[in-house]
Amino acid sequence: MKRRDFLTSATSSILAANGLASIAGGPALAATEAAANRLKMPPLLDTRASGRLQLTAQSGSADFLGGGASKTAGFSQNFLGPTIILRNGPLAAEVRNTFGEAVTAHWHGLLVPGEHDGGPHLPIREGGQWTPDMQIEQDPATVWYHSHIHGRTAEQVNSGLAGVIHLTDGRDDQRGLPAEYGVDDLTIVLQDRRFDRSGRMVYSPSMMDLMHGFLGNRMLVNGQAGAIAVVPKGIVRLRLLNGSNARIYNLFFEDSRPMHLIATDVGFLPEPVALQDLSLAPGERAEILVNFAEGAPTVLMSDPGQAFGVLPFISDDTLTPRITKLPAMLDGEQDVILGPEVRTRRLSLDMGMGGMMMGGGGFAINGRSFEMGRIDFEVALGSVERWIVRSTMIAHPFHVHGVRFRVLKENGGSPRPENSGWKDTVLVTGEAEIVARFDQPAGPDTPFMCHCHILEHEDAGMMAQFTVT
Ligand code: C2O
Ligand code: CU
Ligand code: CU
């Protein structure tokens, strides 16, 4: 099939399949349109030389669908934030806020103490700034940052207060991994957003939206609707972030080419794992390698059964492929966490229907809705804990601040490949058993959070806080 025919048929089948139509163009997508709709990367903010990071939370506007401007927010730009490159060592951050209301800068996936974590107890007031002097010391990973004001997180993240962080040790060449930003190493932020008939982005969750989380009717990738990724004819690395408020993706390629999983939330796997489909819940990241050597176009899709297009890919002969074969091994450490296992804790992610009807009180952990002034439990610094986490009613992506954890069991069996590496967020479809060593301190003034990463559930109280001392 010729490229053009392929895109045409893919476009119509996807448009027919779902209102979540992400493919631009239409029946006559031409090369010039592909160029115009080419997927853009967020701008790079490389902190490696300076050890300094400056961001400004701001309001903005963006015309996503060509139907008029929507009110948005971003870090140092109109929508979303730059891709920050970090290396281990000291990092002097400075986050300013001109957004119009308090925000935070939470580093989701960075292993830093509670006072640097940017959680709900570290608001930056309008006109103010926050200057944590951080020390980064962890394995390479794709992590992210977003605002985290209790009760406002869902709306603020929906409006754009989020961005990606690449934590790198500069050794991807030795690993044989693609590492050229925007060429063979693509940052891909998946977000569904809701647009009204005039094409403006809206956020006004109903009771039903609170229940399931707020779902969109259009896909945005890196804040673009209808984007097309253009890649070299070789191995391409996709750093996927599910930055959606509530949508869980079950990703696959339309031509069923394999996705070689190389990293989960907080680090590399020991070796690539070939997958046909990959589930990615809100807050989770996955790095995959995809082979484009043959040059055939394809479409990254979601949800077998009621498929919709997430992102089409075409290859470009003028881009020189740097990596042409998959690495056999990686250097992700999978050792069992060391230390005496001091305690088992049970956490249930609760969603009571009755309470919800009476104003959202049904969202809770262990029956208690989140309260800023209440510490829910205390963990001993340096200890290892096993947590058994249960979801009630629907699947909830459970996230823990300040640690990387391993999934020991999912519903009594071994974890799915997506959950076989270092994680900070896990989709709990029934019961998940996780283990972590709590190495970062967090006092009662800036405790760590654990919560459902469906942001409407989190804001409604499915969150708890704990100290590590
Ligand atoms: Cu991604 Cu508590 O956050
Ligand atoms: Cu987090
Ligand atoms: Cu939830």
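**Two copper sites and the strands around them**

C452 and H457 are both buried. They belong to a predicted model, and they are a convenient place to start because C452, at 0% relative accessibility, falls under the 20% limit for a buried residue. Both residues bind a metal: the copper ion (ligand 3) has as its protein donors H396 through ND1, C452 through SG and H457 through ND1, at 2.0 to 2.1 Å. Along the sequence these donor residues follow the spacing H-x55-C-x4-H.

Two of the donors lead into strands. C452 falls within strand 30, which covers residues 448–452, and H396 falls within strand 26, which covers residues 396–400. The two strands are paired with each other, antiparallel, over 3 bridges. Within this pairing, H399 of strand 26 has H451 of strand 30 as its bridge partner. Strand 30 also contains C450, which has a relative accessible area of 0% and is therefore buried. Despite the cysteines named here, the structure contains 0 disulfides.

Strand 26 has a further partner. With strand 28, residues 425–428, strand 26 forms 4 bridges, again in the antiparallel sense. F398 is placed opposite V426 of strand 28. How much of strand 26 is buried? The count is 5 of its 5 residues, so the strand is largely enclosed by the rest of the structure. The cover extends to both faces: H396, F398 and V400 are buried on one side, and P397 and H399 are buried on the other.

The two faces of strand 26 can be followed to the metals. H396, on one side, is a donor to the copper ion (ligand 3). H399, on the other side, is a donor to the copper ion (ligand 2). Which protein atoms bind ligand 2? They are NE2 of H106 and NE2 of H399, lying 1.9 Å from the copper ion. This pair brings together distant parts of the chain, with H106 in strand 6 (residues 106–108) and H399 in strand 26, 293 residues apart. H106 has a relative accessibility of 1% and so counts as buried. H399, also at 1%, counts as buried for the same reason, the limit being 20%.

Strand 6 leads on to another part of the fold. An open sheet of 5 strands has the order 1-4-10-9-6, with mixed pairing. Strand 1 (44–46) and strand 6 are its edge strands, each pairing on one side only. Between neighbouring strands of this sheet the average turn is 25°, direction ignored. At the strand 1 end, strand 1 and strand 4 (residues 83–86) run parallel and are joined by 3 bridges. L44 there has T83 of strand 4 as its bridge partner.

The setting for these details is a chain with 7 helices and 31 strands. Of its 469 residues, 60% count as buried. Links between distant parts of the sequence also appear in the contacts: among those between residues at least 6 apart, 76% join residues at least 24 apart. The accessible surface of the chain is about 17400 Å², and carbon and sulfur atoms account for 51% of that area.

Definitions and conventions:
Residues numbered from 1 in each chain as written. Chains lettered and ligands numbered in written order. Predicted model: local features only at pLDDT ≥ 70, side-chain atom pairs only at ≥ 80, totals over all residues. Heavy atoms only, no water. Buried < 20%, exposed > 50% of the residue type's maximum accessible area, 1.4 Å probe, protein only. Pairing = 2+ DSSP bridges. Donors = N, O, S within 2.8 Å, 3.2 Å for Na, K, Ca; no water. Contact = heavy atoms within 4.5 Å. Areas by Shrake-Rupley, 256 points an atom, 1.4 Å probe, with all protein chains shown as cover. Axes fitted to C-alpha atoms, helices over the stretch in contact; angles between N-to-C directions. Disulfide = S-S within 2.5 Å.
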